[in-house]
Every structure is written in structure tokens, then in C-alpha cells.
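Pull up the model and keep the sequence beside it. We'll start with one pair of helices and work outward from there.

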Amino acid sequence: MLKAENLSVIYPGSDKPALSNVDLSFEQGEFVCVLGQSGAGKSTLIRCMNGLQKATEGEMFWDGSPLSKIDDKQLRTVRKETGMIFQHFNLVPRLSVFQNVLTGLFGSRNNFRNAFGLFSDEEKEMARQVIGNVGLENEIGRRVENLSGGQKQRVGIARALLQQPKVFLGDEPVASLDPGTAAHIFNLLQEIHFSHNLLTIINVHDVNLAKHYATRVLALKEGKVIFDGKPEEFTDEYYHLTYNSAQKKQQFSVVSKR
Amino acid sequence: MAWFKKRSLLTFTVLILLVYASMRLTEFDLSKFKDFRNMIDFLSGWFPVDWSLLPDMLRDSLDTLAMAFLGSFLGLLIALPISFIAARNTSPYRSLFHFMRVALSFIRSIPEIVFGLVLLTALGLGPFPAVLAIMFHNIGVLGKLISELIEAADEGPQEAMKAVGAKNWFAFLFSVLPQIWPNVLSHYFYRFEVAIRTSLILGFIGGGGIGQRLFNDFKTFNYSSVSLDVLLIMLMVIAVDFYGSYVRSKVI
Ligand SMILES: Nc1ncnc2c1ncn2[C@@H]1O[C@H](COP(=O)(O)OP(=O)(O)OP(=O)(O)O)[C@@H](O)[C@H]1O
Ligand SMILES: [Mg+2]
């Protein structure tokens, strides 16, 4: 479904690659959690998957389409079929829950109808349904700024769901939420994942969440994949490898010798 | 002098010199108030207020209001799309962005009165050239202000709209407009208020409205009418200011 081939990203003005020579492939039905320290390249990898970030070298294939070669229109089709949720929710302010969710349809309709908010009864009904799926039926008319963090992320999920995506991406969708709310969101994502048979790829900071929900865990470090396997294979050893820099280890060993 | 460095002392001296030089250049002279009686005599001529021409004056005030509104509103309508081109983050091409920025500051650098003088000469006396003068200047001012609002808008929603599969320009428009709308309105109402004052000046040079009447009443020593003209102008400015605050409080 998704395939990275020798994928590298170097941001302009930086000499260190954010991703270097990554080879990965993902299939429908996988629930992947991506771990890694801050700056490891997690966001960059996720953003490459729907072409929000261009590869400097190598290629990302979306169901066979090379994202750096296809034209704008095809890229928009790819994005339409890829739902994405974000750490800071990225909802459009001053609009209601209902209106925000409807923006999920923007990729599949013409802009004149989008601009004037001309949605068919069928489309509105679909929006109400996904809002019900994420448990926000009672908040449907409220403005999104006034919602709690967990509710905002539910709006984000509903917006992505309305796209009827094949792939679901999340860039640290629970990093600004408390642990209880984070678990609720993950339960919801898991439920959606299995009922729609998606490919779900999510960045997390919390290793326990990753091990509990993922069917496959990835760990990145300095732009390279250092672990790719089943959650139970992600041992403490890999944990330290992922989260401790070599320098820190050295300091630690010096201290322990004394 | 623990609070002052040598440098600030120097700044202070320079400032004093600047004030002195400016006073010389502007013939600043408080002793002129010796003949204060003249001033009182002059102002007493303003009263009692002559109400007889009130209907005509109201009619002219309406002209002024219409001039200011139309000029600033057309300015807003034209400035809005331009400001998306003149904002670093939404401009389709780098070169177009630079061009627009320069064009906007060029328009801004031309005072309304100059636009007014040129247009009144070219198109003849009356409110229409005044409307155009106000419009041009406001395209420059609002274009700059709004493009700065666009640059300061949160990028998150724009990214989300792109991720949904919307076209880039539509993603920008749809996610940025709701964010900047209250501030756009507040800039607009301020410009509307300024436009009322501008249309008075443009009235002095033949642009019509209450400004032209005020000028004529002044020139013909018709001071009991001048007082009513001034009163109406003040009421108008205050009314627009109040209405602006009301609309903003509704929108935020
Ligand atoms: N727009 C950008 N311009 C320049 N460098 C960037 C940009 N975005 C990210 N980087 C750099 O690329 C590297 C990888 O960043 P990325 O955001 O992918 O990391 P991350 O794993 O998502 O980190 P975090 O957990 O903090 O979100 C970092 O060194 C970062 O400084
Ligand atoms: Mg990140």
C-alpha cells in the first residue's frame, strides 16, 4: 500500500538529513506506531506519506504512485484517500464541529460548491454519522475553539473519517492530551482501524501506548530506522537504543565505574 | 546619575536641539496668545448655532458618509485578494510577492489629496473622484495590513486543508480567512473612520459633501453654520466608531 524506497529528506539550510535512505513497506490492515526521540525524523516520515513533504532523494510510493512524479491532481487524490490527524488538531477556527468535519469532503468536490458550503443532504447525513462515531453528537453545533483537547482531536478524526480514507496518518495525535484521554483516542483509532480495514501509521512518544495498540512498531533515530518488528520484540535494549544518545551512555558508564 | 549612561545624555541633548530647531522652523510662539480676545470673539461668532440649513447639511453629511464608505469598502474588496498575493506564505510566486509589496507601498506613498487633485482635475468636481482617491489609498493600506495578518496566521489549519486534498489556493483561503476575519474588520472600520476625515479634506478641494460645505461656510464667514457642520462631522465619526466596535464584538 505504502512503500518508501531509499527515501531521504534534507531540509534546505541543514547539512544533516532528517531521513536518510529509508526503505519500508506497509500493507493494508497494519497498525504501525513510530517511535523516536525528538528530532529523529518521525514527522518528516509521516509527512512524506501524503506528499506534504517532498523527498530529496528516493521515492515514496502510494499504492504504486510515485509521489514525487505524479501531477497535482493525482497528488490531491492521494491526499483525499489519506486521512491525517495532527498534534495540534489543526481545526479551522471560528467554525463549528459540523462545519469542520464537512471540510473533510473538500478533496472530492469542486471549489465553488466548497466555498459556498453547498453540501447535499446525503453528505450532511454522512458528516452527522461520523460525528456520532466519534461520540460528539451533542457538540455538533459548537465552535471548535471552545472544545477540550480530546474533543478537538475527535473532530480531527471525524474530519479524516469523512474522507473515507484507505490510509490513516497521525503525527503525535495524543501528545498534547492527558494519559486518560490519550487512551480513549487510541481506543477510537483502533476501533476505526479494524472496522474499516485501514493502514494506520501513528507517531507516539509513549512506548506503552505503542506496544499496547500497534501490530508493528518502528523506531527511528537520526533519520534511520533502527527497529522494525512486532511490539513484543521491542525490548528494553531497543528502548535504550532509541531514546539514549551514545554520548549519554558514555557519561553513564564513567559514573558507574566510580 | 546611576540611571543614565553617557549615551542617553547625548540622546537627550540631540532631542532638545531637535525640538528647538523645529520650533524655529514652525514659528512656534506662545506669545501670540496675548490677543486671546480675538480668539474668543471669533469663536463667539459660532453661536448661536444656525439650524435653518440642517436638512441640506444632513444631505451633505450623507454624501460624505457614502463617499467614505464606498471608497474604503471598494478598497477592502480589491485589497483582500491582492493581500494573498502580497503575503510571503500564500503568494504563488516569489517574484509576484515582491512586486506586489513594492506596488502596495508605492500606492501608499501617494497621499489621498494628491490622488484627489489629479482625479478631480481629470474627471471634474464632485464626489466620484473623491471615492476613487479614497479607494486607491485604502488598497495600499489595507493590502499591507491584511497581508501581514495572513503571514501571522496559524499554519496548522492550512496544512490540514492541504492534507484533505483541497487545492493549495483554496486551502489557504479557507483556513486563513476565518482566522483573520475579526482583525480585518477592525482594520476596515478604522480605515472607514479615517476615510470620513479624508473625505472632508477632499471636500475642501471640490470633492463635495459636508467637507465642501464646511470650507465654503468658513470662506464666507458663515460661522453660525460652521458650528453645525463641525457638530455633524463629530457625530458621524463617533457613530462609525461605535458601530465598528459593535460589529467587532459580534464577530469575535
Ligand atoms: N521545516 C524544517 N526546516 C528545517 N529543518 C527541519 C524542518 N522540520 C524538521 N527539521 C529538522 O529535521 C529533523 C527531523 O525533524 P522531525 O520534525 O521529523 O522530527 P520528529 O521526530 O518529528 O521530532 P518531534 O518528536 O520533536 O516532533 C530535526 O533535526 C529537525 O530540526
Ligand atoms: Mg514531530
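H3(B) and H9(B) are oblique to each other, because their angle falls in none of the other classes (under 35 degrees is roughly parallel, over 145 roughly antiparallel, 65 to 115 roughly perpendicular, and the rest oblique). The angle in question is about 130°, and the two axes sit 6 Å apart. Axes here are lines fitted to C-alpha atoms, for helices over the stretch in contact, with angles running from 0 to 180 degrees between N-to-C directions. To find the pair, look for residues 54-85 (H3) and 209-219 (H9) of chain B; helices (H or I, at least four residues) and strands (E, at least two) are DSSP runs numbered from the N terminus.

Before going on, some housekeeping: this is a predicted model, where local features need pLDDT of at least 70 and side-chain atom pairs count only at pLDDT 80 or more, while totals for chains, interfaces and linings use all residues. Residues are numbered from 1 along each chain as its sequence is written, chains are lettered from A and ligands numbered from 1 in the order in which they are written, and side-chain values use heavy atoms, with hydrogens and water left out.

Back to the helices. On the H3(B) side, the contact (heavy atoms within 4.5 Å) includes Asp56(B), Asp60(B) and Asp63(B), and on the H9(B) side it includes Arg213(B) and Asp217(B). By class, there are three nonpolar, four polar and five charged residues. The classes work like this: Ala, Val, Leu, Ile, Met, Phe, Trp, Tyr, Cys and Pro are nonpolar, Asp, Glu, Lys and Arg are charged, and the others, Gly among them, are polar.

Just after H9, Phe221(B) lies in the loop between H9 and H10 of chain B. Its phi is positive, about 55°, although it is not a glycine.

That loop leads on to H10(B), residues 223-251, which packs with H8(B) at an angle of about 175°, their axes 9 Å apart. H8(B) and H10(B) are therefore roughly antiparallel. Among the residues in contact are Trp181(B), Phe189(B) and Phe192(B) of H8(B), and Met236(B), Val240(B) and Tyr243(B) of H10(B). This contact has 14 nonpolar, two polar and four charged residues.

Now for the other chain. How many residues of chain B are in contact with chain A? There are 21, and they meet 25 residues of chain A. The buried area (accessible area, 1.4 Å probe, that two parts lose on being put together, summed over both) is about 1,900 Å², with carbon and sulfur atoms giving 64%. Of the area that chain B buries there, Ala163(B), Val164(B) and Phe170(B) supply 28%, more than any other three residues.

One salt bridge (a side-chain nitrogen of Lys or Arg within 4 Å of a carboxyl oxygen of Asp or Glu) runs between the chains. Its partners are Arg47(A) and Glu159(B), at 2.5 Å from N to O. On the chain B side of this interface, H7 (156-163) and H8 (168-207) are the elements giving two or more residues, and H8(B) gives the most, with eight.

Over all chains there are 15 salt bridges. In one of them, Glu30(A) pairs with Arg216(A), the closest N and O atoms being 3.1 Å apart. This pair links distant parts of the chain, 186 residues apart: the loop between E2 and E3 of chain A, and strand E9 of chain A.
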